[in-house]
Amino acid sequence: MRESNLRSRITTSTATLPVAAIICGVIWALVLNTTGEGWGTVAIVAAMTYLMVELNARYALLRVRSRMVGTAFMMVTTALPVPLSLTAIVPAAALTVMLFPLFAAYQSGQQPGTVCRTGLFLAAGSLAWPPLLLLALPLLAVMGIFLRTLSARHFFAFLFGLATPYWIVAAWGVWQGTATTMAAKWVDSMTFAAPAYDSLDTAAIAGTALIVWLSVPAIIHTLRTAYNDKIRTRMYFYTLTVVHLTLLAALAAQPQHHAALLPLLAVTTAPLTAHHLTLSRGRSALVWFVVCLPATAAAIACKICLLHGIVH
């Protein structure tokens with residue numbers, strides 16, 4: 001029996017996404033007027049929001065009609081620290097696009113093209129932030145365990161997809177005579193130092209706390225209630241959980257890379273949080289939903305106050 005309360009009305013309303021878009025648009029306008037950042041990042045975030053909505057519609061991530069996946073992504077991304085540069089948002093955009101062929105690879109059988117495109121988009125994002133390439137290992141694991149699509153043919157298709165962007169860049173570097181310099185920069189970016197937790201400023205700590213606050217209970221809820229979802233949907237959320245936990249571990253090990261990792265975490269946090277807030281039941285679900293709203297507002301307010309020098 002479907003509940004009828006504040007939480008269910010908001011999460012299933014068609015007005016939720018437009019209202020959230022207006023709120024986030026005003027906040028982004030305030031932020032951009034303060035930092036002087038261009039609107040290119042906002043355009044990419046808007047496109048990613050549409051892709052999140054489409055991802056939910058195409059793969060039926062939620063059992064009810066809801067636009068909470070896109071709404072959650074917008075709100076979490078708006079709460080992230082600035083400047084949210086193109087270098088930081090491009091890997092997250094690549095991860096968002098990559099989810100489409102990754103989910104399509106579920107029991108794909110004799111169609112290695114989906115796995116190849118998964119590797120292609122992952123490698124394309126790693127051109128902006130090379131450590132993203134390390135995500136290939138957990139992706140191979142989830143393709144074998146959850147998506148049930150890993151065979152020798154799919155494995156080599158995935159490697160071919162990973163290699164293609166680098167072949168193109170290497171050919172361009174040889175043509176321009178800059179291949180050695182490009183290779184040296186790539187090696188430097190893949191060299192990891194000791195964790196530098198002092199690199200996390202107040203805004204980064206607030207954004208990280210919000211992601212952990214939303215995603216950890218969402219993961220617990222997903223694991224506890226997975227039997228309510230179809231097997232295919234269950235595997236999708238198991239995949240998102242593995243990727244999300246990998247990114248959280250990377251943030252804990254390399255906090256100095258939070259500028260790139262937090263947007264990536266926003267991508268995986270959105271569907272997990274939307275699943276939790278939309279499909280949970282009972283009075284505790286309503287209380288948690290009401291608590292999450294001011295928590296998100298507090299993280300956004302913290303960012304705005306820091307930009308205007310109200311707090312330090």
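**Exercise 1. In which loop is R148 found?**

Take this as a warm-up on the predicted model shown above.

*Solution.* Start by locating the residue: R148 lies in the loop between α7 (136–145) and α8. Next, turn to its backbone. R148 has a positive phi of about 50°, although it is not a glycine. Finally, check its accessibility: at 45% relative accessibility, R148 counts as partly exposed.

**Exercise 2. Find the loop that holds A60, and describe its phi and its exposure.**

*Solution.* The place to look is the loop between α3 and α4, where A60 is found. Its phi is positive, about 50°, and A60 is not a glycine. For exposure, the relative accessibility of A60 is 45%, and partly exposed covers the range between 20% and 50%, so A60 counts as partly exposed.

**Exercise 3. How many salt bridges does the count come to? Work through each pair.**

*Solution.* A useful idea to begin with: side chains of opposite charge can pair when their charged atoms come close. The rule used here asks for a side-chain nitrogen of Lys or Arg within 4 Å of a carboxyl oxygen of Asp or Glu, and by this rule the count comes to two salt bridges.

Step 1. Take R58 and E54, whose side chains meet in a salt bridge at 3.4 Å, N to O. R58 and E54 are four residues apart in helix α3 (residues 40–59), so about one helical turn separates them. R58 is exposed, with 51% relative accessibility, whereas E54 is partly exposed at 24%.

Step 2. Now take D229 and R63, whose side chains meet in a salt bridge at 2.6 Å, N to O. This pair links distant parts of the chain, 166 residues apart. D229 sits in the loop between α10 (202–224) and α11 (231–253), while R63 sits in the loop between α3 and α4 (68–79).

Step 3. Compare the exposure of these two partners. With a relative accessibility of 6%, D229 is buried, and R63, at 42%, is partly exposed.

**Exercise 4. Which residues form a nonpolar patch on the surface with F155?**

*Solution.* Begin with F155 itself, which is in helix α8 (residues 152–176). Then check that it can qualify: patch residues need over 30% relative accessible area, and F155 has 31%, which makes it partly exposed. Its partners in the patch are L150, F156 and L159. Together with F155, these residues have about 350 Å² of accessible area.

Technical notes: Residues numbered from 1 in each chain as written. Predicted model: local features only at pLDDT ≥ 70, side-chain atom pairs only at ≥ 80, totals over all residues. Heavy atoms only, no water. Helix = DSSP H or I, 4+ residues; strand = E, 2+ residues; numbered from the N terminus. Buried < 20%, exposed > 50% of the residue type's maximum accessible area, 1.4 Å probe, protein only. Patch = residues over 30% accessible without salt bridge, like charges linked within 9 Å, V, L, I, M, F, W, Y side chains within 5 Å. Areas by Shrake-Rupley, 256 points an atom, 1.4 Å probe, with all protein chains shown as cover.
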